[in-house]
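Me: I should like a close look at a single part of this predicted model. Please concentrate on one strand and its surroundings, and set them in the context of the whole chain.

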Amino acid sequence: MITNRRGFIAMGGGALATLSLPLSLAKPLRAQPLEVIEMRGTARGERVWFRPYGLSVAPGTTVRFINRDAGNGHTATAYHPDNFDRSRRIPDAAEAWDSGFLLPDESFDVTLTAPGVYDYYCLPHEMAAMVGRIVVGQPGDAGWQGPSTDTGDVSPEVLAALPPVADILAQGRIGPEGA
């Protein structure tokens, strides 16, 4: 309880200072959207995959890759010249990412801001077609870039495993279900 005039004035001044803060500081911060992609594999390791392997998100979404495969280490690596001199299969305005090897239950986050199509792979399991595609935004968004047409350094099996952009946009996320 404030019993003297000086204390009352000090309290009133603090309240007044608080009220004069810009409203932008007074609003709670909104969390960025978060989507999870799991890295999976069968118990004996004969099959490995991302779940989902096709995902549609809004610009600014953070994607968390989590290794849920008890028997294998995995990576989430963007197709980009900075990553093992691979051909670029992400938008020009996007930054390359490579999670490094993730052991079981480890995770890696990347925030995707540039609109377009992002193709990625698991470094040790690319030849097993452990690949995925993320569509950020919509065709027609400013700066949108569709999927890469460069097929020089990816196998036909990898290309066949990447879901069509139209399917990702229509469904939001693509399987595999029950895997």
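Me: Which strands does β4 pair with, and in which sense, parallel or antiparallel? Please also describe the core and the charged pairs associated with the strands around this part.

Reply: The model is a predicted one, and the overall layout provides the frame for β4. The chain contains four helices and nine strands, arranged from the N terminus as α-α-β-β-β-β-β-β-β-β-α-α-β. Of its 179 residues, 39% count as buried. Among contacts with a separation of 6 or more, 69% are between residues 24 or more positions apart. The accessible surface comes to about 10200 Å², and carbon and sulfur atoms account for 56% of that area.

Strand β4 covers residues 61-67. Six of its seven residues are buried, so the strand is largely enclosed by the rest of the structure. Strand β4 pairs with β1 in the parallel sense over six bridges. Its pairing with β6 is antiparallel and also comprises six bridges. In general, strands of a sheet pair through backbone hydrogen bonds, in either of these two senses.

Individual bridge partners fix the register of these pairings. Between β1 and β4, leucine 34 is partnered with threonine 62, and glutamate 38 with isoleucine 66. Towards β6, threonine 61 stands opposite leucine 112.

Strand β1 in turn pairs with β2, in the antiparallel sense, through four bridges. Within that pairing, methionine 39 faces phenylalanine 50 of β2. The hairpin of β1 and β2 has six residues between the strands, and glycine 45 takes a positive phi near 80° there. A salt bridge joins arginine 44 and glutamate 46, with the closest N and O atoms 3.0 Å apart. Arginine 44 has a relative accessible area of 75%, so it counts as exposed.

A further charged pair spans the two strands themselves. Glutamate 38 and arginine 51 meet through their side chains in a salt bridge, at 2.8 Å from N to O. Glutamate 38 belongs to β1 and arginine 51 to β2, and 13 residues separate them. The threshold for burial is 20% relative accessible area. Glutamate 38 counts as buried because its relative accessibility is 17%, whereas arginine 51, at 23%, counts as partly exposed. Thus glutamate 38 takes part both in a bridge to isoleucine 66 of β4 and in a salt bridge to arginine 51. The count of salt bridges comes to twelve. Those that share partners join Glu38, Arg40, Arg51, Arg68 and Asp105 into one network.

The nonpolar core brings β4 together with several other strands. The largest core has 24 residues, of which Ile37, Phe50, Phe65, Trp97, Leu112, Tyr118 and Ile134 touch the most other members. Two or more residues come from each of β1, β2, β3, β4, β6, β7 and β8. The largest share, three residues, is given by β6, a strand that also pairs with β4.

Tyrosine 118 illustrates the contacts of one such core residue. Beyond its neighbours up to four places away in sequence, tyrosine 118 touches eleven residues named here in full: Arg89, Ile90, Pro91, Ala94, Trp97, Leu112, Thr113, Gly132, Arg133, Ile134 and Val136.

A second group of strands forms an open sheet of mixed pairing, in the order β5-β7-β8-β3-β9. Its edge strands are β5 (77-78) and β9 (173-174), each of which pairs on one side only. Strand β3, residues 54-57, runs antiparallel to β9 and is joined to it by two bridges; leucine 55 has arginine 173 as its partner.

Valine 131 lies in β8 of that sheet. Its relative accessible area is 3%, so valine 131 is buried. Its contacts outside the four nearest places in sequence are Phe50, Tyr53, Tyr79, Tyr120, Tyr121, Glu126, Val158, Ala161 and Leu162. One of these, Glu126, forms a salt bridge with arginine 86 at 2.8 Å, N to O. Arginine 86 is in the loop between β5 and β6 and glutamate 126 in the loop between β7 and β8, so the pair ties together parts 40 residues apart in sequence. Both arginine 86 and glutamate 126 are buried.

At the surface, Phe84, Phe101 and Leu123 make a nonpolar patch of about 310 Å². Phenylalanine 84 is located in the loop between β5 and β6.

Methods: Residues are numbered from 1 along each chain as its sequence is written. This is a predicted model: local features need pLDDT of at least 70, side-chain atom pairs count only at pLDDT 80 or more; totals for chains, interfaces and linings use all residues. Side-chain values use heavy atoms; hydrogens and water are left out. Buried means under 20% relative accessible area, exposed over 50%, partly exposed in between (1.4 Å probe, protein chains only). Contact means heavy atoms within 4.5 Å. Accessible areas come from the Shrake-Rupley method with a 1.4 Å probe; for residues, only the protein chains shown count as cover. Two strands pair if DSSP finds at least two bridges between them. Patches are made of residues with over 30% relative accessible area and no salt bridge: like charges are joined within 9 Å, nonpolar side chains (Val, Leu, Ile, Met, Phe, Trp, Tyr) within 5 Å. A salt bridge is a side-chain nitrogen of Lys or Arg within 4 Å of a carboxyl oxygen of Asp or Glu. A nonpolar core is a set of buried Ala, Val, Leu, Ile, Met, Phe, Trp, Tyr and Cys residues joined through side-chain atoms within 4.5 Å.
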